[in-house]
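Biologist: I am new to this structure and would like to learn how to read it. Could we go through it together, one feature at a time?

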Amino acid sequence: MSPRHAEPQPTLPPGDPHHLGAHPVAGGVQFAVWAPEAEAVWLCLFDDSGHQELQRLPVPHVHLGIWHATVPGVGAGQVYGWRVAGPWQPAQGLRFNPQRLLLDPYAHAVVGRYAGALDRYLDFDPADPRRPHPQDNGDIALKARVQAPARAPVVDVPPVPLGHRVVAEVHVRSATALHPEVPQALRGTYAGLAHPALIAHWKQLGVTTLELMPVQARADEARLQRQGLSNHWGYTPIGFMAPEPRYASGQGGLSAAEELRQAIATLRRAGFEVVLDMVFNHSAETDLQGPCLSLKGLANRHWYRHDPKQPGAYLDWSGCGNTLNLGEPMVLRMVIDALRHWVQSYGVDGFRFDLAPALGRDDQGRYSAGAAFFAAWQTDPVLRRCLMIAEPWDLGPEGYQLGHFPVGWFEWNDQARDGWRAYWLRPEDRRADRAELANRVAGSSDRFRHDPKRPRRPAASLNFITAHDGFTLRDLLSYSQRHNLANGEGNRDGHAENLSCNCGTEGPSHDPAVLALRGRLQRALLATLLLSRGTPMLLMGDELGHSQQGNNNAYCQDSALTWLDWTAPESRSLAVFIARLTRLRRCDTALRGDLWLHGRPGPDGLPDVRWLRPDGIPLAAADWHDLQDRALMMQLAPPGADHESLLLFNPDGADRVFTLPPLSRGPVWIGRLDSHHALGQPPEGPHPPGPFTVPAHSVQLLCSHALTETTAHGGLT
């Protein structure tokens, strides 16, 4: 390929090969890109719209596979892309095609969208896949815009006290698209996310930490686009350091980066931690039949994992067509650079990692908590302070790694989710017994206390009942089967087994008995979540009674199906119930304690926990796995505290008489929560040891004296 213009091109001065991406300097911009097997590289400058190529400049300087140059006379705002020439040998993983304009992996802002003539994004000729695509796509390709250096506003957020953290998983667009108090122009945007109405709502719920679903720039799969859909969840990244432009309102002339930066600062000033959901296990280039947007055209054999027996074939450990190769040092460097960028330029407090075992695999694909990525995190002065959350599974070898991440990490605990669902909704399931309930309520010691060389605390278990992936809480109690036909995959996508229960009617119901049962079970599940040891996570919208009509994989539904309805009549009571639970958690040291329970007598002779049958007798070995009687009492006496707490679980379909045990730190039990009631109001009056009726499908909390709120969120009501 020859340069676009026939006239000789000036030889560019060198850039900084140690500074990847585009960086304004005095008199110009330094550019650098990693393409270790390339034979030639061109830097292409475009007009502001990104449609017209103005210059195609050969890059003459290369150092350790990094091509670099300084371009005089340009600055922040310049739109650019890369072209790379080299061998076309797909069977060997070499897929160079200079007719493809490529997005810089270090782009801080993305111009354009992967859409329209999708075949023009392929690197191969659709008429003859053995050949490279002969048509240039520079006019429609994704491009980067040079950004001036920006630092996040300095916001001093006090650390969340031990045991007080309550996480909410939030989608930027879904949370705000229908909110009646958010101005129309700000709905579905970064600015809308930081609107006072949402801040007030989260504070009232008792949320401390917002886990935002992906805001990295994305490219929707061709298959979805042909169906008129998009990857609403955002798990198809292509700009690892750039915010998704579709969430920018454009108000006040702000760019997407500026608007997101301001929104995060506003949320942090309000006292919230902000965590970003990051996708570093795969990219939007999908499989070998997918588009060539960036990495595939720059260094395909290095960015992605390939089958050793078929060098041209991807290893798909993500389920999305490809897997990023963090066994390659330069790929690992990009991930660390991206994380540092989001902290320093946007001010985020931490990250949740999608399919996180992919981060900890070596060049042979083996997972280890001592892998290079974790060593880089632990030694980085910026990142080691961050909140790090793992989704602890992927599709690679030995991909289920719950409990095997480094000390200091939090992990999504799907075993708590499944155990609690089984206990309340599937009494015949083997996980529905007292042993499983007690293990998960006490912090899942089987998963997080198994390695004496890496001592971890119960808080490492990030507990949840629902998350974006699966049924909403309302649908969990309304559907026994998934209903995903709208996704265009023949209802084959999404989890087939959800441990759900429709309570007698599949889908919406007007039957008062069905609605009452659904309400009781929702509250019992929420009470179990928020009164257990570990770090609780709520799915934003569950407190509003949000339904996705039985769709348990609504990743491609950017519509009222996934947008939260803030006016639903049932939303108020459930939000009040959750707020009561989070206040109880904050003010009761027995509930938010972050030490493992052992059942041995403390300094005052009281064990920190006693597990009792409904008749008040300590459980014998045979009682733990008895599926015929699953009701349980958990008596907590934290060392050094002046009170005791008692949790009562009745999973039966009928009221049950429990025998309240004697107290050592008070004369009588005082009710603090009854999940049978819509707002969680406790039964009136003190309750001496002895008979006590627990309603069907409910959780009760009693304490040896009244609790006092210990934070600024307001007192108990």
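Biologist: Let me start with a charged residue. Which side chain of opposite charge is nearest to Glu543, and how far away is it?

Modeller: A word first: this is a predicted model. A salt bridge needs the charged atoms within 4 Å of each other. The nearest side chain of opposite charge to Glu543 is Arg572, at 7.1 Å. Glu543 is therefore buried without a salt bridge.

Biologist: Where in the chain is Glu543 found?

Modeller: Look at the loop that runs between β25 (535-539) and α14 (571-587); Glu543 is there.

Biologist: What does the side chain of Glu543 contact, then?

Modeller: Its polar partner is the side chain of His201, at 2.7 Å. The side chain of Glu543 also reaches the backbone nitrogen of Gly541, at 2.9 Å.

Biologist: Now for the empty spaces. How many cavities of 30 Å³ or more are there?

Modeller: A cavity is a space where the probe fits but cannot get out. Here the count is four. The largest has a volume of about 200 Å³. It is lined by 18 residues, with His171, Leu539, Met540, Gln548 and Thr562 nearest its centre. That lining has eight nonpolar, nine polar and one charged residues.

Biologist: And by class, what lines the second largest cavity?

Modeller: Its lining holds 10 nonpolar residues, no polar ones and one charged. The space is about 70 Å³. Among the lining residues are Trp34, Asp104, Trp303 and Met330. β2 (28-34) gives the largest share of this lining, three residues, while α6 (295-303) and α7 (329-346) each supply at least two.

Biologist: What about pockets: what volume does the largest pocket have?

Modeller: Unlike a cavity, a pocket is an open set of points. The largest pocket has a volume of about 1100 Å³. Of its 42 lining residues, Trp233, Ser318, Gly319, Cys320 and Asn553 are closest to the centre. By class, the lining divides into 16 nonpolar, 13 polar and 13 charged. α4 gives the most to it, three residues.

Biologist: Which element gives the largest share of the lining of the second largest pocket?

Modeller: That is α7, with seven residues. β1 (21-25) and α5 (256-269) each supply at least two. This pocket has a volume of about 720 Å³, and 32 residues line it, with His23, His108, Pro149, His341 and Ser345 nearest its centre. The lining has 14 nonpolar, 11 polar and seven charged residues.

Terms used: Residues are numbered from 1 along each chain as its sequence is written. This is a predicted model: local features need pLDDT of at least 70, side-chain atom pairs count only at pLDDT 80 or more; totals for chains, interfaces and linings use all residues. Side-chain values use heavy atoms; hydrogens and water are left out. Helices (H or I, at least four residues) and strands (E, at least two) are DSSP runs, numbered from the N terminus. Buried means under 20% relative accessible area, exposed over 50%, partly exposed in between (1.4 Å probe, protein chains only). Lys and Arg count as positive and Asp and Glu as negative; His and the chain ends are not counted. A polar contact is a pair of N or O atoms within 3.5 Å; within protein, one must be able to donate a hydrogen and the other to accept it, and residues adjacent in sequence count only if both atoms are side-chain atoms. On a 1 Å grid over the protein atoms alone, a cavity is a set of points where a 1.4 Å probe fits but cannot get out, and a pocket is an open set with protein on both sides within 12 Å along at least five of seven lines; lining residues have an atom within 4 Å of a point. Grid points are joined across faces, edges and corners, and a volume is the space filled by probe spheres set on the points. Ala, Val, Leu, Ile, Met, Phe, Trp, Tyr, Cys and Pro count as nonpolar, Asp, Glu, Lys and Arg as charged, and the others, Gly among them, as polar.
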